[in-house]
Structure formats: C-alpha cells, structure tokens
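Visitor: Please take me through one helix of this model at close range, and then through the parts around it. I have not seen the structure before.

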Amino acid sequence: MIEVKGLSKRFGDIRAVRDVSFSVEKGEIFGFLGPNGVGKTTSIQMMCGLLTPDSGTIMIDGKELNPDSTEVRRKIGFVPQETALYPDLSATENLRFWGGLYGLKGDALNSRVEDVLRLVELTNRADDKIATYSGGMQKRVNLAAGVLHNPSLVFMDEPTAGVDPQGRFAILNIVRELAASGKAIIYTTHYMDEAQKLCDRIAIMDLGEILGMGSFEELRDQVGKGFQIFAKGDFDGPKLAHQLRKEYEGEVLHSGRGLLAVVVADATELGRFVAAMKAQGVNADDLKIKETDLETVFLKLTGRELRD
Amino acid sequence: MLKVLLKKDFRKLAKDPLSLLFLLALPLVITLIARSVFSPSEGVKFVVPLAVVDQDQTPLSGFITGTLTNEKMASLFDVHSIPLKMAKQQLHDNELAGIFVIPKGFTDQFVNQKPASLELTTNPSRQISTGILQSTFEILTDMLDGIRELFPEQIKVLSEANNLDMEAVFQLGRSAMDKILKEKDLLKFPVTFEEEKSKKKETGSSTNGIILAFLPGIAFMSILFVLSSVFKRQGEELENGMINRILVSPATLNQLLSATLIYSLLMVFLIQVVLWLVSIPLFHLQLFHILLLFKGMVYMSLLATLLNAALFSLPIKLSSIEAFSSIVIILVCLLSGLLVSPLIMPGGLRSMVSKSPFYTPVEVLTRSFTNKSYPLLTSNDAIFTGSVLLLLFLSLLMFRSKINRHRAGKV
C-alpha cells in the first residue's frame, strides 16, 4: 500500500529523519515506536504530504506522492495527535465538514457519517457539541474524522495520547477493526505495550533513524527470549558490571549511571544476582525482573530507556 | 472546496450566539452613537446661531443678508444683526457659532469685477455648526461668483449706473436663490443648537465634538475586533493542528487562505448592511451619502484586514501577537487619525495626519454621517486603495509563508 525509500529531512543543522525505508501492506498495522522528538511525526508529515522530504520517495498504491497529487491524497486518512475538531460544532457537523473536504456529499456523506459514528460508538451523542465530550470521546471522533472518506491508508499520530486506559482500549479496538477491513495503518506511539499488543510490525526510531524493524517476536529475538533483571540505585553501572563478572556470568544488556540491566535464562537467577550485588557491597533501590519486551529491545537498540 | 470551508465558518458563527449578537449589535451601537452625536432630540429646532455684520450697507449686501434670514433658511440659521464688537464677545462666550461679515466696499469690488471677499469667523468649539457655516459660505460665494459669470452685462449695467437697482439685483438673485434652496437639502445637518448649547454650559467643553472625534475610531476598532477574531482563530487552528489536518485533504493552502479572506470580508459586509439599514432612515441619507458611507466602511475594512493579516503574518507565536497587536494597533490608529480625530490634534500633527491618504477612511465616514458634500473619488482614494491592497497582498504572502514555516516546525 505504501512504500517509502530513503526518506530524509533536515531542519537547518538538525537531521530530523535519516534514510527511512519501509513498506506497509493492506490490512497491516505498522508501528513507529520511539520517544518524543526522534522524527516520528516528521516522517508521518512527509508521508501525508504536509512536508516535502529532502530526499527519498513515497509511493502510495503505486503512485508517487507529490504536493499536487489530489488523487493520492484522497487515499490518505490522517488522525493527528491533537484533537483537530471544532469544539462548538457537534460530532455530525464536524464529520460533515471533513467529509465535504474530500468531496463527499448528499446521501453518500450522510451514510458515511452514520457508519463512522457507529464505528466509534458515539451515535447517541452525535448531535452534541464536541466541547461537551470527554477527552476519550473527542479522540474517538478525531479518529472517525480521519477515516470518514474511507481511505486505504491511515496515518495515526499518537491517537491515544492523554487518554485514560478505558478510552485507549476502545481506540485500539477501533484500530484493529479498521485494519481488519483492509486498511493499511501507520501508527506512531511512545507506549510500548500499545505497540507490542497492536502492531503487526514495529519500527524502532531514535535520532531520526530506524534502528530495528520487524514483528515483536523478530525484535525480541535480537535480545533473546528469556528474562532481564533491571537494577537501579546509587552506583556506577559499568563498574558494577565489571565487578559482578567474577561471580556472575549473565550477559549485560545495558549499564549506565545508576542502572544495570542483565539478561538471564530464567526468573530464578534473580536470587543469585542480588547475592552477587551484596557481595560487592552494593544495594539496589529498585530491582525488577521481567520477560523480554519492547522496552528491553528499545534499551538494547538505543542504549537508553524509553520514557513516556 | 471554498464552499465547504465557508459553510463551516458560518455554521460555527451560527453556533456562537454571543459572537452573532455582537456582530449584529456592533453596527447598531455605532449608528446609535452617531445618532446621538449628529441628531436632534424630538421637537427641537435645528438652528445655528449666527451674527451677520453688514458693514457695506448696500442693496446687494442686504440681499446677501436676506438669503440667510429668508423664511426657508430660518429653519437652519438663527441670524442676529449686531455690531461686530458685540458679535465677537458673544462668540467668545460660545453663544454664537460664527460671525459673517460683509466688509465695507464689497459691493463696489463685486460690481466692478474685482476680487471681493466676505469674512466668516467660526467658533472652533462648535465643530458641527462650523461645518454647516463653511458649507453655506462656500455655496454663497459660489452663487455670487455664478451671478458675475452668468450675468456680466447686468453687472456691468449695475456698475455703470453707479446706483444699484433693487429690482435688477433681486431678479439676478432669484435664480441664485433657487440654487441655494436646492443645495439646502445637502445642508440638512441634523444638529440641535439648544441641546449643544446646554451641554456646553454644563460641561464647558464640546462633548459632541469629542464623541465625533472618537466615532471613526470606535467604528474602526469594532471592525478590527471582528476581523481580529477571524485571524486569531486561524492562528489557533494553525497551532492546534487543524490546518495540518485540512491540508492533508485535497484542500490547498491557497483555498484555505482565500476562504478566510472571503469570510472576513463577508463579516464586514454584514456589519455594513446592518449599519446602512439602520442609518438610512435615521439620518435620511441620500444615495450619494449611502455610497460615501459604503466607501468609508470598505476602506476601514480593508485597513483592518491589512492590519490583522500583517500582524498574524509575523514570525511570532499567537500569544505574543496578542500582546504586540494592541501596541501596533494603537500606533497605527493614532497616526491615521482613526483613534483620535485630527480636529483635536496639535497644528503640525493635524496637518500631517489630515493630508495622509490613510486618513481617507475617517474623512469619508465622518462626512457621510454628517451629510457633508465631498467628492466621491479623490486622488487619495487611488493612493489609499492601491497601497492597502498591495500591503494586504504582501501580508497574505507572509501569512502563507508563516503557515509553511509552522508546518516545517520552524515557528
């Protein structure tokens, strides 16, 4: 559905996006994972035609995206991070406006408005002003506006940002439904659990580059199945890792100031690890053991933690 | 696409009853203020107190005096034939709006085809009455010039006769009188002498004059306020991602800006329509003054649009624009005579502002409300319109560029 090759963008001296390449098929949910400011939104804006790339090509359904390609833009749906709706208008009026921009009118428009309101389960509040909606409901209408014209490719820029768990759950279900109907979805988020549960494939971005890409299982295999122990405290991570090496033979995933993460075969290794730390006279303020997840993968690939 | 964008804007307006009320109430308030400045209370006679000093004492000077005391003109002027010294004292005491002097030797100069002059001294604290007097004085001198131009033979006979024939003079004057009576309609200057006089006694200042000085500013500020909210909303939409979302659709940036501009102008047009509808019966405006009023409002709207477009095109954030805009608007309004009329400015500044093409909207608007004669088109119109449209175009280009910069994350 979309094929991106060598996409790059520079703002002055800052290289916001560097040589990004990937492709997404119909019905696939493709996640962009990374902390704020790593180039996710810039990449999305280039793929939507809002920004012109310095280099690279974007092919949507076999046609190249360029500023004048109205036909290609009709195939794109965009759900921005902000709630881009008119608060004084009702959900129906907002949707009718967005539909009108895509040339929908009359019965076709009415029918689509009804369809998407049903999709986001807001039919009963359709005529209420957006300003009276909760944050989660507004985000659902925001999503509905992005898919109203039935695009085959939908860009969703952190659609669950600032939404409570119940609201997130509802939105994620809608995204799955959309993918099941054959739409290709490019989804940016900095919630790792969300990306892990939702996305078929994930690209991990840092400093404008894609550092790793694949399904969660493929990314996990880069770290190893097993478990990881994360110790945090007032210590020098690399020095502690060196000291522990004599008594403990686990692979060091990451070490830094106040942080040491090691890979272990199973959960029972935790006791041995704590004993080894005590033998070195070091106490951890925070100690946890968990199965390999995207946070571990991100730490392994970027050398830093992904903070919400 | 434009239709969809405009429909959304009007739907939003309809959903905001306070804005709609303000939009409709605005011209009503402006008109009512104007009415309170220019119009009489019910049943009060419209008269301007005027002293006529006839130092020439000839049949011609008697005829001139007679035109002002004529039964029909008596509805406009309260003429006192008193000595010059007494007249000056009464003017000083603000009891007179002006002194009209026919100097000795005027008739001689007039009939001998030599430059002849009449004198008019006006009371500066009575700006409205002064306007009436100046207009009348211009018509009167035009009429006398006309008599000399149209009837040179008769004037020559009168001159050679060395003794003015009253009948001949009145025959000449009859046609001139027709003219002055026709022009009198243009002089229907709705002001109450009694009301104005009593206010002066209470306050010791020209209250109406001050309101008159600020009226164009009130009108301009109101239009500016309406347009500012339109541009501010555009700025907000830029910052909250709405514009980005619109631009992902098949809508283009040019279509978006065009819709904003059209919406702004339609808003202002709505204000004008209400203002006209209310003004025409209240002021008994003639077609000419309706056109003049239209021109004044269009100019003010253009100026306000320019000011907004220029401010919002600056490469600064919306919050900073709001703080910055008040300073810029006050400065621009001061310099263009919009906030304070040049009538109450010091001499040098008054001269500079009143000659500026940017003073044109104020002048036009004031004259349309006061039913004063004024050319419908002057050279200042061309300079004003041309420069404002050019600056507006440049501002819109800058605004467009700002949106693009914002999209690139540079603002």
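Guide: The account below starts with one helix of chain A and then moves to its surroundings.

This is a predicted model, in which local features need pLDDT of at least 70 and side-chain atom pairs count only at pLDDT 80 or more, while totals for chains, interfaces and linings use all residues. Residues are numbered from 1 along each chain as its sequence is written, chains are lettered from A and ligands numbered from 1 in the order in which they are written, and side-chain values use heavy atoms, with hydrogens and water left out.

The helix is H6 of chain A, residues 165-180. Helices (H or I, at least four residues) and strands (E, at least two) are DSSP runs, numbered from the N terminus. H6(A) has 16 residues and should span 22 Å at 1.5 Å a residue, which agrees with the 22 Å between its end C-alpha atoms. The expected span is 1.5 Å times one less than the number of residues.

Which residues of H6(A) are buried? They are A:Gly167, A:Arg168, A:Ile171, A:Leu172, A:Ile174, A:Val175, A:Leu178 and A:Ala179. These cover an arc of only 160 degrees around the axis, which puts them on the same side of H6(A). The arc is that of the directions from the helix axis to the C-beta atoms. An α-helix has 3.6 residues a turn, so residues three or four places apart point the same way. On the other side of H6(A), A:Pro165, A:Gln166, A:Phe169 and A:Ala180 are exposed. Buried means under 20% relative accessible area, exposed over 50%, and partly exposed in between (1.4 Å probe, protein chains only).

The cover over the buried residues of H6(A) includes three helices of chain A, H4 (106-119), H5 (135-147) and H7 (192-198). It also includes strands E3 (29-33), E7 (153-157) and E8 (184-189) of chain A. Contact here means heavy atoms within 4.5 Å. After H6(A) comes A:Gly182, with a positive phi near 105 degrees.

The loop between E7 and H6 of chain A holds A:Glu158. A:Glu158 forms a salt bridge with A:Lys40, with the closest N and O atoms 3.5 Å apart. A:Lys40 lies in helix H1 (residues 40-48) of chain A, so the pair ties together parts that are 118 residues apart in sequence. Both A:Lys40 and A:Glu158 are buried. A salt bridge is a side-chain nitrogen of Lys or Arg within 4 Å of a carboxyl oxygen of Asp or Glu. Over all chains, the structure holds 14 of them.

Helix H4, named above as part of the cover, has a salt bridge of its own. The side chains of A:Asp115 and A:Arg112 meet there at 3.7 Å, N to O. The two residues are 3 apart in H4 of chain A, which means a separation of about one helical turn. A:Asp115 has a relative accessible area of 29% and is therefore partly exposed. Salt bridges that share partners join A:Arg112, A:Asp115 and A:Arg118 into one network.

Helix H7 is also part of the cover for helix H8 (residues 216-223) of chain A. In H8(A), A:Phe216, A:Leu219 and A:Val223 are buried. Down the axis of H8(A), these fall within an arc of 70 degrees, so they line one face of the helix. A:Gly224 follows H8(A), with a positive phi near 115 degrees.
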